[in-house]
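Colleague: I am new to this model and would like a close look at a single part of it. Please take me through that part step by step.

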Amino acid sequence: MESTMAKRKHKHAKLKPGDLVMIEWHDACCATTAWGSDVDIHPCTSIGFLVKENKKQLVIAHTKAEDGDYAGKFAIPRGFVKEAKIVE
């Protein structure tokens, strides 16, 4: 799969709405018990169509209709994003 990806750092990528992208990011974590629980961030990978990006977030969707509408939108805070790659 790596050979079919165009690696581009999110700070330098020229992403545009409609691009199929793979986002590598770290999710926040919350302890499940009140005392003595260890917590750690979780590395995640999400793939979808870019709906929009701005200084605050990247929004992707799992489905893109022929008319350009999107379903299943998911926002990832910009600060959580490690890397954004366009799937070619």
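How many residues lie between β4 and β5 in their hairpin, and which residue in the turn has a positive phi?

Modeller: This is a predicted model. Five residues lie between β4 and β5 in the hairpin, and the turn residue with a positive phi, of about 95 degrees, is Gly 68. The two strands of this hairpin run antiparallel and are joined by seven bridges. Strand β4 covers residues 57-64, and strand β5 covers residues 70-77. For one place where they pair, take Leu 58, whose bridge partner in β5 is Ile 76.

Leu 58 also leads to the strand on the other side of the pairing. In β4, Leu 58 is the bridge partner of Glu 53. Strand β3, residues 42-53, is joined to β4 by four bridges, and this pair too runs antiparallel. The connection from β3 to β4 is a hairpin through three residues.

Glu 53 has a further link, through its side chain. A polar contact of 2.6 Å joins the side chain of Glu 53 to that of Arg 78. Arg 78 sits in the loop between β5 and β6. With a relative accessible area of 18%, Arg 78 is under the 20% limit and therefore counts as buried.

Within β3, Leu 50 is worth a look. Its relative accessibility is 1%, so Leu 50 counts as buried. Leaving out residues up to four places away in sequence, Leu 50 touches residues that include Leu 58, Val 59 and Ile 60, as well as Tyr 70. Other residues that Leu 50 touches come earlier in the chain, among them Leu 15, Lys 16, Pro 17 and Val 21. Leu 15 is 35 residues from Leu 50 in sequence, and their C-alpha atoms are 7.8 Å apart.

Back in β5, Phe 74 takes part in an aromatic pair. A search of the whole structure finds one such pair. Its members are Trp 25 and Phe 74, in a tilted arrangement with 5.8 Å from centre to centre and 55 degrees between the planes. The pair links distant parts of the chain, since Trp 25 belongs to strand β2 (residues 20-27) and Phe 74 to β5, 49 residues apart. The two rings belong to residues with unlike surroundings: Trp 25 is buried at 7% relative accessibility, whereas Phe 74 is partly exposed at 36%.

Trp 25 in turn points to strand β6. The bridge partner of Trp 25 in β6 is Val 81. Five bridges join β2 to β6, and these strands run antiparallel. Strand β6 spans residues 81-87; five of its seven residues are buried, so the strand is largely enclosed by the rest of the structure.

One last point concerns the cysteines. The structure holds zero disulfides. Cys 29 is in none, and the nearest cysteine sulfur, that of Cys 30, is 6.9 Å away. A disulfide would need the two sulfur atoms within 2.5 Å, so that separation does not qualify. Cys 29 is partly exposed, at 35% relative accessibility. Cys 44 is also partly exposed, at 22%.

Technical notes. Residues are numbered from 1 along each chain as its sequence is written. This is a predicted model: local features need pLDDT of at least 70, side-chain atom pairs count only at pLDDT 80 or more; totals for chains, interfaces and linings use all residues. Side-chain values use heavy atoms; hydrogens and water are left out. Rings of Phe, Tyr and Trp (its six-membered ring) pair if their centres lie within 6.5 Å; planes under 30 degrees apart count as stacked, over 60 as edge-to-face and the rest as tilted. Buried means under 20% relative accessible area, exposed over 50%, partly exposed in between (1.4 Å probe, protein chains only). Two strands pair if DSSP finds at least two bridges between them. Contact means heavy atoms within 4.5 Å. A polar contact is a pair of N or O atoms within 3.5 Å; within protein, one must be able to donate a hydrogen and the other to accept it, and residues adjacent in sequence count only if both atoms are side-chain atoms.
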